[in-house]
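Student: I am new to this structure and would like a close look at a single part of it. Please take the charged residues on the surface, and add whatever helps to place them.

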Amino acid sequence: MILSHGLIVVLAVVLLLVLIAVRTPIFIALSVSGIGGLLCLSGFGGLKLVPLAMGAQLQEYALVAAPLYILLGEALAVTGLGRDLFGAAHRWFTRVPGGLGASAIASSTLFGAMSGVSISSVALIGRMAVPEMLSRGYKPGFAAGSVAASGALAMLIPPSLMFILYASVTGESVAALFAGGIVPGLLLAALMIGYVVVRAKLNPDSAPRDGERFSWRERWAAIGKITPALVLIALVLGSIYTGFATPTEAAAIGALLAFAMTGLVYRKLGWQNLKLIFASTATVSAAMLAIVGSAFVFTQMLVVARVPEALTDFVVGLDVHPYVVLIGIMLVLILLGCLVDAASLLLVVTPILVPAIEELGFDPLWFGVLLVVNLELAVITPPVGLNLYTMKSVVPELDLGDIFRGIAPYLAIEFALILLMIAVPGTATYLPSVIT
């Protein structure tokens, strides 16, 4: 019996979801379902596409930046910078209701502008901020939610690994995507801080005020401690937008500066830390690149089955407003994000959705930023949300139920930003048009 292309694709997707459900590593799930689909579509001859597809994708120049930004973040993680970031933010937010929660979000925002990896931000900031909040009487859900949610900002604020992956698939400018993420990222951080302040004001029991006060001298001294980090951010992003370096070259510059900062400023570049930095970088980079290669095998199967063309024809043929289609896509992505990790989902859906989005008249750069905002939900929604389990691992005394309840309001905030970006596309496109 000869199966239709549509049925083969459905069976491949079902196989993928089943493998994910039984906790098969995502790169194996993508590879097995993709290879199985190609075998059914084109026979053994179709398997020739597998090494070609993986090789072509992994040779993408933009991907070189990813391990370098990971290296930058891992080098800074051993410095105690997270403690300094949180301490500086606390001194400036101490008079604000829910000040420790606001401090956690502010410090996560700054660290996200250096690492680009959300779980690193959660681990680094959560290790210090959450125990401090719990010791001051903060509710566990309030404390955990502020850190787990704000850790996702690393996906949106440059240098974002998600934008690098999107660029590697679509050919969009990494620099333009980085610029597009700045305003939504800062706006999202402001919305999160605003929620924390209002929640603490309305319900003081969830975030008691401790009455601690700091002088202006202490506040500026705390800023002085994190000045090297602020300089690093300025140099990396400044080198990109002044034209001095490409995003990939800026990643190399940033990694070198991070090592110099770790060794000369923080005096933490000993042999043990060097081993830790390189081992962590190799582990995270290998896992990410394995997912990139296997996701491209799966998408290659979809291309052979002509899924992107079929979806484009279907979407364009719908007798509804393009924005209705777009909102429908966003809702489907939110559901898929509950089942698949963000990086894998981005790599699978981007080559399918972008042609349809362009046919509907939307800017693919704007859609890339909107997609990353949507996929932030994937790292903070159970049962797959990596930030939630990272939070549990660094503060084991937390109950997962408290973490899940604490994250719920931030899901609404993320969705509100999605609606705002749909209503006002300039939130993502204005800055790229000016800078690049």
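**Charges on the surface**

Tutor: Glutamate 309 is a good place to start, and it lies in helix H14. The model is a predicted one. With a relative accessibility of 34%, glutamate 309 counts as partly exposed, because that class runs between the buried limit of 20% and the exposed limit of 50%.

Glutamate 309 belongs to a surface patch of negative charge, together with Asp313, Glu358, Glu359 and Asp363. Two helices, H14 (307-317) and H16 (342-359), each contribute at least two residues to this negative patch.

There is also a patch of the positive kind, made up of Arg95, Lys201, Arg209 and Arg213. Arginine 213 sits in a loop, with helix H10 (174-202) on one side and helix H11 (216-241) on the other. Its relative accessibility is 45%, so arginine 213 is classed as partly exposed.

Other charged residues are paired in salt bridges, of which the structure holds two. In one of them, the side chains of arginine 136 and glutamate 132 meet at 2.5 Å, N to O. Arginine 136 has a relative accessible area of 25% and is therefore partly exposed. Glutamate 132 is partly exposed too, with a value of 26%.

The other salt bridge joins the side chains of arginine 405 and aspartate 402, at 2.7 Å from N to O. These two residues are three apart in helix H19 (residues 400-423), so about one helical turn separates arginine 405 from aspartate 402. Here the partners fall into two classes of exposure. Arginine 405 is exposed, at 57% relative accessible area, whereas aspartate 402, at 21%, counts as partly exposed.

For contrast with the surface, consider helix H6, which covers residues 99-115. Of its 17 residues, 16 are buried, so H6 is largely enclosed by the rest of the structure. Its length can be checked as well: at 1.5 Å a residue, helix H6 should span 24 Å, and its end C-alpha atoms are 24 Å apart, which agrees. Just after H6 comes glycine 116, with a positive phi of about 80°.

A residue without charge can also be partly exposed: isoleucine 327, in helix H15 (residues 322-337), has a relative accessibility of 33% and counts as such. Between the C-alpha atoms of isoleucine 327 and glycine 385 there are 22 Å, and along the chain these residues are 58 apart.

Technical notes: Residues are numbered from 1 along each chain as its sequence is written. This is a predicted model: local features need pLDDT of at least 70, side-chain atom pairs count only at pLDDT 80 or more; totals for chains, interfaces and linings use all residues. Side-chain values use heavy atoms; hydrogens and water are left out. Patches are made of residues with over 30% relative accessible area and no salt bridge: like charges are joined within 9 Å, nonpolar side chains (Val, Leu, Ile, Met, Phe, Trp, Tyr) within 5 Å. Accessible areas come from the Shrake-Rupley method with a 1.4 Å probe; for residues, only the protein chains shown count as cover. A salt bridge is a side-chain nitrogen of Lys or Arg within 4 Å of a carboxyl oxygen of Asp or Glu. Lys and Arg count as positive and Asp and Glu as negative; His and the chain ends are not counted. The place of a charge is taken as NZ of Lys, CZ of Arg, CG of Asp or CD of Glu. Helices (H or I, at least four residues) and strands (E, at least two) are DSSP runs, numbered from the N terminus. Buried means under 20% relative accessible area, exposed over 50%, partly exposed in between (1.4 Å probe, protein chains only). The expected span of a helix is 1.5 Å times one less than its number of residues.
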